[in-house]
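Me: Please go through the structure shown here with me, as a series of questions and reasoned replies.

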Amino acid sequence: GAIKGKRKVGGLVGYSSALIFQSFADVEIYAYTESLDRSRYGEKIGGLVGESRGTLQECHATGIIVPMECLSISQVGGLVGYNSSAIWRSYASVDIGESPNGNCAFSDEIGGLVGINKSHIEESFATGSVAGKTDLGGLVGRNNGGGIINSYAIGMVKSRLASDVDYFDIGGLLGSGGNVFTSYAVGKIEVNSNGSLKRVGG
């Protein structure tokens, strides 16, 4: 059935600090934010794990993740929302979309596999589409010190902001960050804006 939540939400587990091996989730996640108070914003939403501090090996997730409202919701990934441990031979085929009425999208650090990554990702991939505002990537939204090795993304990346706003940190593979080795992206990038494009790459 459908899952509704705002923090540390995962199709399999919300928070993990241990090894997850050969595990799978087929998800329908609706994320929300409780109020305008930043300490209560929605974050760490993942198709398999909301926040992972333990290794993921040979895991995958399928399905959809969408916002229920227009308030800030960040760190959303098709497999893991917030990752600080190794991911190996895993994938996500999760569409990270807009709200049911099409008027709202996730805010920042949104990735087809991982929202924000602080560790190694190896031999992994993402095929789902990604919609959000900034720090958007087909594989990883924001790569903060981690390494991406032999991995790829093929889903469309769609940035959704007001028509007169500048766009930045949008990529077919990574929204922002570096340390990428023998990896690639082939998905399209779509931006609906009359503002300027900054730090946008295929």
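Reply: Helices (H or I, at least four residues) and strands (E, at least two) are DSSP runs, numbered from the N terminus. This is a predicted model, in which local features need pLDDT of at least 70 and side-chain atom pairs count only at pLDDT 80 or more, while totals for chains, interfaces and linings use all residues. Residues are numbered from 1 along each chain as its sequence is written, and side-chain values use heavy atoms, with hydrogens and water left out.

Me: How many helices and strands does the protein have?
Reply: The count rests on the DSSP runs defined above. The protein has zero helices and 29 strands.

Me: In which strand does Lys 44 lie?
Reply: Lys 44 is a residue other than glycine with a positive phi, near 60°. Buried means under 20% relative accessible area, exposed over 50%, and partly exposed in between (1.4 Å probe, protein chains only). At 13% relative accessibility, Lys 44 therefore counts as buried. Its place is in residues 42-46, strand β6.

Me: Which residues are linked with Lys 44 in a network of salt bridges?
Reply: A salt bridge is a side-chain nitrogen of Lys or Arg within 4 Å of a carboxyl oxygen of Asp or Glu. Lys 44 meets Glu 51 in such a bridge, at 3.2 Å from N to O, and Glu 51 also forms one with Arg 53, where the closest N and O atoms are 2.6 Å apart. The residues linked with Lys 44 in the network are Lys 8, Glu 51 and Arg 53.

Me: Is Glu 51 buried or exposed?
Reply: Its salt-bridge partner Arg 53 is partly exposed, because its relative accessible area is 38%. Glu 51 has 2% relative accessibility, so this residue counts as buried.

Me: How many residues apart in sequence are the parts that Arg 89 and Glu 123 tie together?
Reply: Arg 89 and Glu 123 form a salt bridge with the closest N and O atoms 2.8 Å apart. Arg 89 lies in the loop between β12 (87-88) and β13 (91-96), and Glu 123 in the loop between β16 (121-122) and β17 (125-126). Arg 89 is partly exposed at 42%, and Glu 123 is partly exposed at 32%. The pair therefore ties together parts whose separation in sequence is 34 residues.

Me: How many salt bridges does a search of the whole structure find?
Reply: The pairs Lys 44 with Glu 51 and Arg 89 with Glu 123 are among them. The search of the whole structure gives a total of six.

Me: Which strands stand at the edges of the open sheet β3-β7-β11-β15-β20-β25?
Reply: Two strands pair if DSSP finds at least two bridges between them. In this sheet of six strands the pairing is parallel. Each edge strand has a single partner, so one side of each is left without a neighbour in the sheet; these strands are β3 (13-16) and β25 (174-177).

Me: What is the bridge partner of Val 114 in β20?
Reply: Strands β15 (residues 114-117) and β20 (residues 140-143) pair in the parallel sense over three bridges. In β20, the partner of Val 114 is Val 140.

Me: Which are the edge strands of the open sheet β4-β8-β12-β16-β21-β26?
Reply: This open sheet has six strands with parallel pairing. Within it, two bridges join β12 to β16, and Ile 87 stands opposite Ile 121 in β16. The strands that pair on one side only are β4 (20-21) and β26 (180-181).

Me: Which residue in β9 does Asp 26 stand opposite?
Reply: Strand β5 (residues 24-31) runs parallel to strand β9 (residues 60-67), with eight bridges between them. Six bridges also join β9 to β13, where His 60 has Tyr 91 as its bridge partner. Opposite Asp 26 in β9 stands Thr 62.

Me: Which element gives the largest share of the largest nonpolar core?
Reply: A nonpolar core is a set of buried Ala, Val, Leu, Ile, Met, Phe, Trp, Tyr and Cys residues joined through side-chain atoms within 4.5 Å. The largest has 37 residues, and Leu 48 and Leu 79 have the most contacts inside it. The elements giving two or more residues to this core are β5, β9, β10 (73-77) and β13. The largest share, four residues, comes from β5.
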